[in-house]
Amino acid sequence: MENRTATDVLVVGAGLAGLAAARDLTRAGYSVRILEKSRGVAGRAATKRLASGGLADYGAPFFTIRNENLRSFIQPLERKGLVHVWQYGMKHWNAGTIEGSLDGYARYVAKDGMTTLGKVLRDGEPDEQPLEIVQSALVSAVWSNHFGYRAVLENGDIHTARAVLVNTPAPQALALTRSILELQTYLALERVKFAPCLALIIALKTKPDVSWNALRLDHPVLSWMGFEHSKRYDLPPVLVVHANPTWSQAHLEQNQQTIIKPLLEAAQDVLGVQLEVLETIPHRWRFAQVVTPHQSHFIAQENLFFCGDWCAPQGNARIETAFESGWAAASAITKQLEQPLDVILTHA
Ligand SMILES: Cc1cc2nc3c(=O)[nH]c(=O)nc-3n(C[C@H](O)[C@H](O)[C@H](O)COP(=O)(O)OP(=O)(O)OC[C@H]3O[C@@H](n4cnc5c(N)ncnc54)[C@H](O)[C@@H]3O)c2cc1C
């Protein structure tokens, strides 16, 4: 059992909210360690490189910008060509009819995939150190005592810190911290609800002849289909489809291989063509999109904090909400840690 050196803040989860918070806390002078269960960063802003050479965003396909802090973060990335506007508005499919939605918002994508947003936060500016991230670190519980907090990993490793920021979806955060939660915090986490999403990445031999990049759908099986190569025309064709929440919930526990056929058939049904398929990769998002969000940007219980897209006071949980939540949590943690140690210990 390894017991690593204590750090000021442990962040559980290298999603965009956790990374945004970690970068701000590091800039404020605190030592920060991120514990991430996977081997990558950016969580649901996920990208996969395929055997065909194609690239697929199989979580969030794009993001929007409605707040100035996020605009300031994205503008330099846009100037460097890492991020660009994919399209304005979104086409909508209903019973075979396609209509354009004129909501006017730019849909942004990253040339090398949505994980770019996480990698930029991880790496920082040229004069900054990369964030400290422990990969393949599945946290199984968070504990506290008079001296601070401990995160216990599935492999038995223990990490200690003055404060912990949990950046997982609320149901997972609740499971990790249940034993140290006050009733109010427990109820706040318990109220947050997510819907699942079953996704399928389809590497294609040829580009289908369609006039649109992506569709939102009112379909018995699908809620989304998007041609990933329309974000990066130099790469081979890839289609990503998302099953709607009802279908995803009904098929959530099935062997993932069994969802390939119905999702592929549904895609062909919408497109009206037989696809020439090279490779299919299914993915199960158990906590994909927030149905009932928490009504403020973060949750705090002494030096235990929670952030994520599900902290969405405006109601719409998405990438921009994740950033806002991470930044707000970092600011609150900074204020809390500025207190002298004896004040914190008195309240422990
Ligand atoms: C299918 C799908 C479609 C979407 N479409 C859009 C869209 O069009 N536009 C948009 O803006 N947003 C969209 N989203 C939502 C968007 O992806 C999220 O809002 C955002 O990425 C959430 O970031 P986060 O940091 O809050 O959480 P997450 O990305 O969920 O990060 C949580 C991190 O915690 C890690 N973790 C979990 N448990 C543990 C543990 N026990 N120990 C260690 N690490 C752990 C996870 O591996 C993950 O890296 C979509 C999401 C999905 C899944």
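Two residues are in contact, as I use the word here, if their C-beta atoms, placed from the backbone, lie within 7 Å. The model I am reading is a predicted one.

**Entry 1: Val11**

I started in strand β1 (residues 7–12), where Val11 is found. Which residues does Val11 contact, leaving aside its neighbours within four places in sequence? I listed Gly18, Ala21, Ala22, Val32, Ile34, Leu165 and Asn167. Then I asked whether Val11 is buried or exposed. Val11 has 34 other C-beta atoms within 10 Å, so I noted it as buried; the cut-off for that is 20 or more. I also looked up a pair that spans 141 residues of chain: the C-alpha atoms of Val11 and Val152 are separated by 13 Å.

**Entry 2: the nonpolar core**

Next I turned to the largest nonpolar core, which has 102 residues. Which members touch the most other members? My list reads Val12, Leu16, Ala21, Val164, Leu165 and Phe305. Strand β11 (residues 193–204) gives this core its largest share, 9 residues.

Leu16 caught my eye, so to speak, and I wrote out its contacts beyond four places in sequence. They are Ala42, Gly43, Ala45, Leu117, Gly118, Ile319, Ala322, Phe323 and Gly326.

**Entry 3: α1 against α8**

I then followed helix α1 (residues 16–27) to helix α8 (residues 319–337). The two pack at an angle of about 35°, and their axes are 7 Å apart. I recorded the crossing of α1 past α8 as right-handed. From α1, the residues that meet α8 are Leu16, Ala17, Gly18, Ala20, Ala21, Asp24 and Leu25. On the α8 side I found Ile319, Ala322, Phe323, Ser325, Gly326, Trp327, Ala329, Ala330, Ile333 and Thr334. Sorted by class, this contact has 12 nonpolar, 4 polar and 1 charged residues.

**Entry 4: around the ligand**

How many residues surround the ligand? I have 39 in my notes, the closest being Gly13, Gly15, Gly43, Asp309 and Arg318. At least two residues of this shell come from each of α1, α4 (170–177), β11, β15 (277–292) and α8. By class I noted 22 nonpolar, 12 polar and 5 charged residues in the shell.

**Entry 5: positive phi**

Most residues other than glycine have a negative phi. With that in mind I looked at two alanines.

Ala42 has a phi near 90°, a positive value in a residue other than glycine. I placed Ala42 in the loop between β2 (32–35) and β3 (47–49). Ala42 counts as buried because it has 29 C-beta neighbours inside 10 Å.

Ala95 is not a glycine either, yet its phi is positive at about 50°. Ala95 is found in the loop between β5 (83–94) and β6 (97–110). Is Ala95 buried or exposed? I have it as exposed, because 7 other C-beta atoms lie within 10 Å.

I also checked a glycine: Gly124, just after α3, takes a positive phi of about 75°. In helix α3 itself (residues 115–123), the buried residues are Thr115, Leu117, Gly118, Val120, Leu121 and Arg122.

**Entry 6: Lys37**

Back in the loop between β2 and β3, I looked up Lys37. With 19 C-beta neighbours inside 10 Å, Lys37 counts as partly exposed. Why not buried? The count of 19 falls short because buried requires 20 or more. Not counting residues up to four places away in sequence, Lys37 touches Ser136, Ala137 and Leu138. Lys37 and Leu235 are 198 residues apart in sequence, and I have them 30 Å apart in space, C-alpha to C-alpha.

**Entry 7: Ile259 and Tyr186**

Where is Ile259? I found Ile259 in the loop between α6 (245–250) and α7 (260–271). Ile259 counts as buried because it has 23 C-beta neighbours inside 10 Å. Its contacts, not counting residues up to four places away in sequence, are Leu198, Leu200, His251, Gln254 and Pro282. The C-alpha atoms of Ile259 and Ile319 are separated by 27 Å, with their places 60 residues apart along the chain.

My last stop was Tyr186, in helix α5 (residues 183–191). I noted Tyr186 as partly exposed, because 15 other C-beta atoms lie within 10 Å. Tyr186 and Ala173, 13 residues apart in sequence, are 9.9 Å apart in space, C-alpha to C-alpha.

Notes
Residues are numbered from 1 along each chain as its sequence is written. This is a predicted model: local features need pLDDT of at least 70, side-chain atom pairs count only at pLDDT 80 or more; totals for chains, interfaces and linings use all residues. A residue is buried if 20 or more other C-beta atoms lie within 10 Å of its own, exposed if 12 or fewer, and partly exposed in between; C-beta atoms are placed from the backbone. Helices (H or I, at least four residues) and strands (E, at least two) are DSSP runs, numbered from the N terminus. Axes are lines fitted to C-alpha atoms, for helices over the stretch in contact, and angles run from 0 to 180 degrees between N-to-C directions. A crossing is left-handed if the near helix is turned anticlockwise from the far one by less than a right angle, and right-handed if clockwise. Ala, Val, Leu, Ile, Met, Phe, Trp, Tyr, Cys and Pro count as nonpolar, Asp, Glu, Lys and Arg as charged, and the others, Gly among them, as polar. A nonpolar core is a set of buried Ala, Val, Leu, Ile, Met, Phe, Trp, Tyr and Cys residues joined through C-beta atoms within 7 Å. A residue is near a molecule or strand if its C-beta atom, placed from the backbone, lies within 6 Å of it.
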